[in-house]
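Let's take a look at a protein model together. Have the sequence and the 3D view open, and follow along.

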Amino acid sequence: MNRERDPKGISTLTMQFTAEDGRKLQVRVGPFRSPPALVGGIIDVVYDPEDLSNAEIPDKVMTGRVSLPTAVASGLVLALAVFVLFFGA
């Protein structure tokens, strides 16, 4: 529906879509270095039916940026807990 670009070349898209219940919504998604669609284009949207303002394109939903550091940190905490449990501190 609309594309805005900041001075650094980062874009956000304002999209309009129709939810499964028939409501028409307008949301902003991004940021993108290279937007997945041009103004007037069609792209898939994933949204939370409980909070229709929480929408994103499928590629941005689970990028994995947080999952690896979280898994590593959890593993370290678990290892420390096991060490303290068996060997005392």
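Here is a short tour of the strands, the core, the pocket and an aromatic pair in this predicted model.

## Strands side by side

Start with β1 (2-5) and β2 (11-18). These two strands pair in the antiparallel sense, and four bridges hold the pairing. To see how they line up, find Asn2, which stands opposite Thr14 in β2, and then Arg5, which stands opposite Ser11 in β2. Together β1 and β2 make a hairpin with five residues between the strands, and Gly9 there takes a positive phi near 90 degrees.

Now follow the chain to β3 (24-32). β2 and β3 also run antiparallel, with seven bridges joining them. One pair to look for is Gln16 and its bridge partner in β3, Gln26. The hairpin of β2 and β3 again has five residues between the strands, and here Gly22 has a positive phi near 95 degrees.

## The nonpolar core

Which residues make up the largest nonpolar core? There are eight in all: Leu13, Met15, Phe17, Val27, Val29, Phe32, Ala55 and Ile57. The elements that give two or more residues to this core are β2 and β3. As a bit of background, nonpolar side chains in soluble globular proteins tend to be buried together.

## The largest pocket

Next, hunt for the largest pocket, with a volume of about 230 Å³. Its lining takes in 16 residues, and those that lie nearest the centre are Met15, Gln16, Gly41, Ile42 and Ile43. β1 and β2 are the elements that give two or more residues to the lining, and β2 gives the most, with five.

What kinds of residues line the pocket? The lining divides into 10 nonpolar residues, five polar ones and one charged one. Two names may ring a bell here: Met15 also belongs to the largest nonpolar core, and Gln16 is the residue bridged to Gln26 in β3.

## An aromatic pair

Finally, a search of the whole structure turns up one aromatic pair. Phe83 and Phe87 form it, with 5.2 Å from centre to centre and 40 degrees between the planes, so the pair counts as tilted rather than stacked (under 30 degrees) or edge-to-face (over 60).

Where do these two residues sit along the chain? They are both in helix α2 (residues 67-87), and because they are four residues apart, about one helical turn separates them. Phe83 is partly exposed, at 47% relative accessible area, while Phe87 counts as exposed, at 63%.

How values were computed
Residues numbered from 1 in each chain as written. Predicted model: local features only at pLDDT ≥ 70, side-chain atom pairs only at ≥ 80, totals over all residues. Heavy atoms only, no water. 1 Å grid on protein atoms, 1.4 Å probe; cavity = no way out; pocket = protein on both sides within 12 Å on 5 of 7 lines; lining within 4 Å. Points joined across faces, edges and corners; volume = space filled by probe spheres on them. Nonpolar A, V, L, I, M, F, W, Y, C, P; charged D, E, K, R; others polar. Phe/Tyr/Trp six-rings, centres within 6.5 Å; stacked < 30°, edge-to-face > 60°. Buried < 20%, exposed > 50% of the residue type's maximum accessible area, 1.4 Å probe, protein only. Pairing = 2+ DSSP bridges. Core = buried A, V, L, I, M, F, W, Y, C linked by side-chain atoms within 4.5 Å.
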